[in-house]
Amino acid sequence: MPWITDQTCLSYRYPMAVPLQSLKLFLFGFAMAIYILFPLSIATAASVTPSYSSQTWLTDNGLPHNAVAAIAQTHDGYLWVGTLGGLARFDGVQFTGAGSLGAPELENAGIYCLQVARDGSLWIGSPIGLFRMQQGKFSRITEIDRQTNNPVLAVYEAKDNSIWIGTREGLMQWKDGKISQFPQTNILSRTSVRAIHQDDDGTLWFGCHPDMIRLQDSKMQVYSRTNGLPTDPVRTICRDHQGNLWLGSNDGLTRMMNGKFYTFRGKEGLQDNFISSVYEDRHTNLWVGTYGGFYRFVNGNFFAALNDEQERYDLIYTFFEDREGNMWVGGKDGLHRLNAKKFNTYTRKEGLAHNNVMSVIEGKNGGLWIGTWGGGLSLLTNQTITNTTFKNKNRTLDLVLALHQTTNGNLWVGTDYEGGLYRLQNNAYIRYTNSYLGSAVRVVHEDAAGNLWVGTSSGLNLVRNNKSIRLEKKDGL
């Protein structure tokens, strides 16, 4: 398995040059309301962890290979997907292989890293060398072939527009059209460089095997096990919005804050120590990829992400956030797109009495009363659902159509067919037996004078002082 690293830690790096016309279908399904991500047994976590719906693309959908190692978006809106079986361009509908785009060498080659430069060019790192696509044309950087025969593991554009290239034999730099080993004599020319990141102040960080290197103003500092680095080798580097440095390694996730290291373990919910990728999105959410799925970091704890079938993902290689705010995840089992859900839907899966919901009201105690047709009443309180299902002869209390709670706290329940009207008081149901109400009760309402208005399949009824008056056409209805 090659060393793979995520090179796009800081999200939304480049301004949008043109509308995303080639990604029109990315907008499909954004407001789709499907099952909530977390079951009620961990409802507290769900309340602070936004849910996502997902879609996956595999080789059956045109992806060159199921293992996706790198993702990038060029200025024209296309998404580029680097797999262990070739490079492809994705327009939201179909994939176009590199061979069809004029790069036959990248048709079946493994792609380890992608980087979009400020000039719009796409840099491609692979086991067969370094490539660049500029204005739709691919070229091979042959200068690097004379320097090394090893794979290109990391590509990163610095603030001075130079391109840093991490290989298995060391670090190289592309600047002003020339490539050179950097520097000529030190640890960076003898070690594998897997991750590259630059701070706002120009400081460069290099994840190596087994050390991490800090380069500032031509001064180099080496972090290793002997001087405080708790984990190695460093496979991925990400700086968050608070200035903390996150390091992923074979031995856990480490945060470097104010010069001090802290490694997260299982007690914070991170169950996998093999960290493959770390990414912070535009909303400051931290995503952590491991060899056993991925996690989101919320309020000091990690929560494992589940797909729409409530299953965990497999080995994760990389994350990327596109300009529309979609999160893309590349892993062993395909290309995944995650959309933040705009709605949470409560179903039987979450404990609801029945999926056919006919009426919803807020109770006096702040809970939510839910009337279902087929399962009776449910009460949602503090993300916990309790059901009050009655199995009587006519099943009338299972077929709820209308709900209303009066100012004195009585809950009125209108049921279907000849069930009529019920009142819930002191945890007991009392059926209102007036003959006019012996039909399907569709709506109940209390007016300012305390009168109860009941709409049924056979007309409108006014309940006053426990007596019912039927209003008909002759009364102006």
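**Nonpolar cores**

I began with the largest nonpolar core of this predicted model, which has 15 residues, and I noted that Trp-80, Leu-87, Leu-106, Leu-114, Leu-122, Ile-124 and Phe-138 are the members that touch the most others. I then looked up which strands feed this core, and found that strand E2 (68-73), strand E6 (113-116), strand E7 (122-126) and strand E8 (129-134) each supply at least two of its residues. Apart from it I found another core, this one of 13 residues, and I wrote down Cys-113, Ala-117, Ile-141 and Met-172 as being among them.

**Cysteines**

Having met Cys-113 in that second core, I looked up its exposure and found that Cys-113 is buried, with a relative accessible area of 1%. I made a similar entry for Cys-208, which is buried with a relative accessible area of 1%. My search for disulfides, which asks for cysteine sulfur atoms within 2.5 Å, returned a count of zero.

**Aromatic pairs**

I searched the whole structure for aromatic pairs and obtained 21. The pair of Trp-57 and Phe-90 is edge-to-face, and I recorded 5.2 Å centre to centre with 70° between the planes. This pair links distant parts of the chain, as Trp-57 belongs to strand E1 (residues 52-57) and Phe-90 to strand E4 (residues 86-90), with the two 33 residues apart. Are these two rings buried or exposed? Trp-57 counts as buried because its relative accessibility is 6%, which falls under the 20% cut-off, and Phe-90 is buried as well, with a relative accessible area of 0%.

I then turned to Trp-246 and Phe-264, a pair that is stacked, with 5.4 Å centre to centre and 20° between the planes. This pair also links distant parts of the chain, 18 residues apart, with Trp-246 in strand E19 (residues 245-249) and Phe-264 in strand E21 (residues 260-264). Trp-246 is buried at a relative accessible area of 2%, and Phe-264 counts as buried at 3% relative accessibility.

Following the ring pairs further, I found that they link Tyr-52, Trp-287, Phe-294, Tyr-313 and Phe-319 into a cluster.

**Charges over rings**

One member of that cluster, Trp-287, also has a charged residue over its ring: Arg-296 lies over the face of Trp-287, at 5.1 Å from the ring centre. I noted another such arrangement at Tyr-78, where Arg-89 lies over the face of the ring at 4.1 Å from its centre.

**Sheet E22 to E25**

I traced an open sheet of four strands, in which the order is E22-E23-E24-E25 and the pairing is antiparallel. Strand E22 (275-280) and strand E25 (301-304) stand at the edges, each with a single partner strand, so each has one side without a neighbour in the sheet. From one strand to the next, the twist averages 25°. For E22 and strand E23 (residues 286-290), which run antiparallel, I listed five bridges, and I noted that Ile-275 stands opposite Thr-290 in E23.

**Hairpin E35 and E36**

My last entry concerns strand E35 (residues 421-425) and strand E36 (residues 428-432), which run antiparallel and are joined by five bridges. Within this pairing, Arg-423 has Ile-430 in E36 as its bridge partner. What do E35 and E36 form, and which residue in the turn has a positive phi? The two strands form a hairpin with two residues between them, and Asn-426 in the turn has a positive phi of about 55°.

Terms used. Residues are numbered from 1 along each chain as its sequence is written. This is a predicted model: local features need pLDDT of at least 70, side-chain atom pairs count only at pLDDT 80 or more; totals for chains, interfaces and linings use all residues. Side-chain values use heavy atoms; hydrogens and water are left out. Rings of Phe, Tyr and Trp (its six-membered ring) pair if their centres lie within 6.5 Å; planes under 30 degrees apart count as stacked, over 60 as edge-to-face and the rest as tilted. Buried means under 20% relative accessible area, exposed over 50%, partly exposed in between (1.4 Å probe, protein chains only). A charge sits over a ring if NZ of Lys or CZ of Arg is within 6 Å of the ring centre and within 35 degrees of the ring normal. A nonpolar core is a set of buried Ala, Val, Leu, Ile, Met, Phe, Trp, Tyr and Cys residues joined through side-chain atoms within 4.5 Å. Two strands pair if DSSP finds at least two bridges between them. Axes are lines fitted to C-alpha atoms, for helices over the stretch in contact, and angles run from 0 to 180 degrees between N-to-C directions.
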